[in-house]
Amino acid sequence: MIFLLKKMVRSIKQFKLQFISVFLLAMLSVVVYSGLEGVWSGMKNEFDSYVDDTNLADEWIFATYFTDDDITKIKDLEGVKDISKRMRITAASTDKNGNDAYLSLDTIGNANITSMYIMEGNDNDNHKNSVWIDYDYAKKNDISVGDKIALNYGGKFAEPEVVGIIMSSERAHYTGTTDYYSPDHQRFGYGFFSEDILSQFDIKINCNLLEIKSDKSSVVKEKINELMGERFIAYYDKESLFDVAFVSNQVKNLRRISILFSSLFILLSVLSMHTTIKRLIDAQSSDIATLKSLGFSNKSLIIHYSMYGLFVSIIGTAVGFICSFPFSKVVQKTQQTLISMPEWPIKHTVGSPIIIFMLIFLSTLTSILAAKKTMVGLPAELTQKKVKHNKKLLLEKIPAIWNKLSFGMKWTLRDASAHKTRIFLGIVSVCGSFMLLMVGFGTPDSITSLTDRTYNDEFIYSNKLTLNTANTPEDMVAVGEEYNGQFVQTLQSRVYFNDSDKPYFKPVTIFSDGEYINLKTVDGNKLDDNGAFITEGMAEKIKVEKGDTIELYPSFSAQSYKFKVAGIIPSSMPQSLYIKDTCWMSNGAMFRPSHLFTGEIDDDKVKNDSRITQIITSNQQKNNLKDFRSAMIGVFTLMRFVAFVLVVIVLYNLSTLSFLERTKEYNTFRVLGFHYKEIRSLASFENVIILIIGSVFGLPLGFKFLDLYCDTFSNDTLKIYSNISNICIILVCFIVVFCTIVTTLLLSLRIRKIDMVQALKDR
C-alpha cells in the first residue's frame, strides 16, 4: 500500500495542473459558502441574542395620544402579554459640522420591553435632564458620556446631559427617514430621554407609542383601527417594522448567494475531478496492467484511484475553510455600514460541515466510478491502445452541411462527441461566468438606474419639506403659495384587498396637482382621480391586479374607504398606494398634507420657517442610494472575481486535458506535415465551440439570474428593477472571450513542445 501512496504522489505531480484546478474549485466552494455562512449565521445568532437581551417588542402602535382607557382595552385583547407606554419625538440638533441633524427620542417606559443596550455609561432611569444617545450617532459626531447636547422641539429648547451611549434592537437598520435606504449616522440618530424633558418642550401628553409583547395569536392588528379611531397613526410588527425586518432580509439574501455560489462550484469541481481521474487512468493503462499482473486486485486499484479524489478534496476543503474566516471579515464590513449590532461574531451552522463532507464524498465517489469503469479487462487488454469508435454525428447525416465544414471542424466535432463530459463542463463554466458577471456588473447598474429613474423621471422635486403638524389650514395655504409646491400626505392604513379578511398595513400617498410627481402606470398613463394606484412590487407580493377593489382604514380616520385599483405603477420606491387628493376627498376622507415638494428654494429661509420641521433634498436621497450601492460593492466585486477565476481555471483545465488526450493526434498531424499554426487552430476549435454554446445559453441565463438576484434585494419599501448598461454587457462578453483566448494561448505554448518521433513510437 505504501508503494501505491508513493505512486499517487508522483501522479499528482505529473498531472499537477489538473489537480490544482480541482483543488482551487473545492477550496473556492468552501471559501464562498462558509465565508458567507459565517456572516449571515453570525448576524442571525447575534441579532437573536440581541433581541432576547433587550426583550424586543412584538408589536408597535403609534397614535396621536393614548388614554388610560385605550391602554386598558388593548391590554384586554387576546394575545397581549405586556405593554410599554412611551412618548416618541423627533428633536432637531446639529452635527459636528454645524449642519442640521435629527434625533428620534423615546421616554424609557417599561424597561422590560425593548430595553436599551448600554455601550457606555449607565441605564439608571432616575436621571433628570438626561439622554442616552445611539452609538453610531455619538461616534460620528464625537459625543461622549458627560457631554451636553442641544435639542430643539417645536421652537422649545433643552440641553440635557448625555449619560449613556446605547444601541437598540428595534433600530438595527435606522435610517431616520423613509426617504433614505442607507443609514446616515451623522445626521440621523436615536436615543432615550428622561421624562422631565417633556415639560421643557411643553409637551402636554406623555404617550404616543405603545410597544407590546404578545403571542402569534394576537388580534391587535385586526382591532386597533376601531379602538383608536381618528387618533390611530400606524401599526407595525417584526415583519413590517423596516428597521427590524431589514436584518432578516439581509440574512436571507446572503444565504441565497452562498447556496448559489457553492452549488455552482461543487458541480464544476466534481465534473473536473471526474475528467481528471478518467484522463489519469487512461494515461496509466499500461501501469495498471503491470500492477494487475503483479497481483494487485481491482479492488485495491479502485481504492488507490479513489484516494486521488479523497486527498485533493480534503486538502482543498481544509484550506478553503481556513480562508473563509478572513473572507467573512471582509463581507462583514459591508454589512456593518447597514446594520448596527453590539457584536459581529463569525458563526457556522451544520451547513459548512455538510458542504465539506459532500465535496469530499462526491469527489471520492466520482473517482471510484471513473476508476471502476476503466478497470474492467485482463492485463493484456489494458496494454492495448484503445480507440473509441463513435456513432456518426447527426450532422454527418446531412451531407449538404457536413461536406462544407473544414477538416479541423469535423475532427473537433467528432472528438467532442467522444468527450461529452468535458464539453458539458466547459459550457457550464462559461454559463456560470456569464451569470456571475451579469450580477456583478448589473446590480450596481440597477441601483444607479433606480436612482436616476426615481429622482430624475418620477419625482422631479429639489426639496421635500416636512410640514409642522401644528400648522393651521391657513398656514398650509400660505406655505404652499410661498414655496410654489405640491402637497403630499403620507399615512399608514389597514388595507383589505378584494373583500378578503386578511389585513395588510401599507403606506398610502395622497397628492395634489403639481409638477413634481410624474408617475405613470405600466400602460404609460398618468395618475388620475379614477381610483387608487398601486406600485408593482406591492401588487406582485399581494397578487393585486388592475380592476380589483381595496378597502382602506387609514390613519387619523374612524371610517373605511373603498377604491378601485385604477392602475399598476412600475416604480422602485417608495412602494405605496397612490391616490389623487380629489379622488380621496370625493370619498369623504380628509386631506391633511404632511410634506411639500418644491423646486429650488432659499435654504436659510426654510431653516428659519417654523411651519417646516425637516428638509430632505433630492441630492441627499441620491447620495444615500449611492452609499447603499457602495456598501454592497464588496459582494459585487466578489462575483466578478469569482467569475473570472472560474472560467480561467475550468477552461485551462479542459484545454490541458484536451491536449493530453490528443497528444498522439497532434504528433501524427505534425508528422503528416501540418504546421504548428494549423495544429493550434485545430486545438482552439474546441474552446471556440464551448465559448459559442456557453454564450448562447449564458447570456440569457445571465439576464434571468440578474432579475432573480434583484428580486432578492427588493422588499416592502424598495423594488429593484434589473438593468445593465450596454457597456457592461460588452465588458462581460469581453472578459469571457479574453479568458478563452488566454487559455488557448497557454495551450498553444504546449503544442510547440510536441515530439514528432513520439507518433511513430505509438504506432
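I began with Ser29, which is buried, with a relative accessible area of 0%. I note at the outset that I am reading a predicted model, and I keep that in mind for each entry below.

**Ser29 and its surroundings.** I placed Ser29 in helix α2, which covers residues 16-54. Which residues touch Ser29 once its neighbours within four places in sequence are left aside? I listed Ser262, Phe265, Ile266, Ser269 and Leu359 as its contacts.

**Ser11.** I then turned to another serine, Ser11, and located it in helix α1, residues 2-14. I asked myself whether Ser11 is buried or exposed. Its relative accessible area is 3%, and because buried means under 20%, I entered Ser11 as buried. I also looked up a pair that is far apart in sequence: Ser11 and Leu280 lie 269 residues apart along the chain, while their C-alpha atoms are separated by 8.0 Å.

**The sheet.** I next traced an open sheet of 4 strands and wrote down its order as β2-β11-β1-β12, with antiparallel pairing. At its edges I found β2 (80-86) and β12 (232-237), each of which pairs on one side only. For the neighbouring strands of this sheet I recorded an average turn of 20° against each other, with direction ignored. As background to the pairing, I remind myself that strands of a sheet pair through backbone hydrogen bonds, either parallel or antiparallel.

Looking at one pair in detail, I saw that β1, residues 59-63, and β12 are joined over 5 bridges in the antiparallel sense. Which residue of β12 is the bridge partner of Ile61? I identified Tyr235 as that partner.

**Helices on the sheet.** I followed helix α3 (residues 68-75) as it lies across β1, β2 and β11 (209-214), and I noted that it runs at about 155° to β2. Helix α6, residues 220-228, also packs on the sheet, where I found it touching β1, β2, β11 and β12, and its direction makes about 170° with that of β12.

**A nonpolar patch.** Finally I went to helix α20, which spans residues 676-713 and in which I found Val696. The relative accessible area of Val696 is 54%, and since exposed means over 50%, I recorded Val696 as exposed. Which residues make the nonpolar surface patch of about 520 Å²? I wrote down Val688, Ile692, Ile693, Val696, Phe697 and Leu701. Val696 is thus entered twice in my notes, as an exposed residue and as one of the residues that make this patch.

Technical notes. Residues numbered from 1 in each chain as written. Predicted model: local features only at pLDDT ≥ 70, side-chain atom pairs only at ≥ 80, totals over all residues. Heavy atoms only, no water. Patch = residues over 30% accessible without salt bridge, like charges linked within 9 Å, V, L, I, M, F, W, Y side chains within 5 Å. Areas by Shrake-Rupley, 256 points an atom, 1.4 Å probe, with all protein chains shown as cover. Salt bridge = Lys/Arg side-chain N within 4 Å of Asp/Glu carboxyl O. Helix = DSSP H or I, 4+ residues; strand = E, 2+ residues; numbered from the N terminus. Buried < 20%, exposed > 50% of the residue type's maximum accessible area, 1.4 Å probe, protein only. Pairing = 2+ DSSP bridges. Axes fitted to C-alpha atoms, helices over the stretch in contact; angles between N-to-C directions. Contact = heavy atoms within 4.5 Å.
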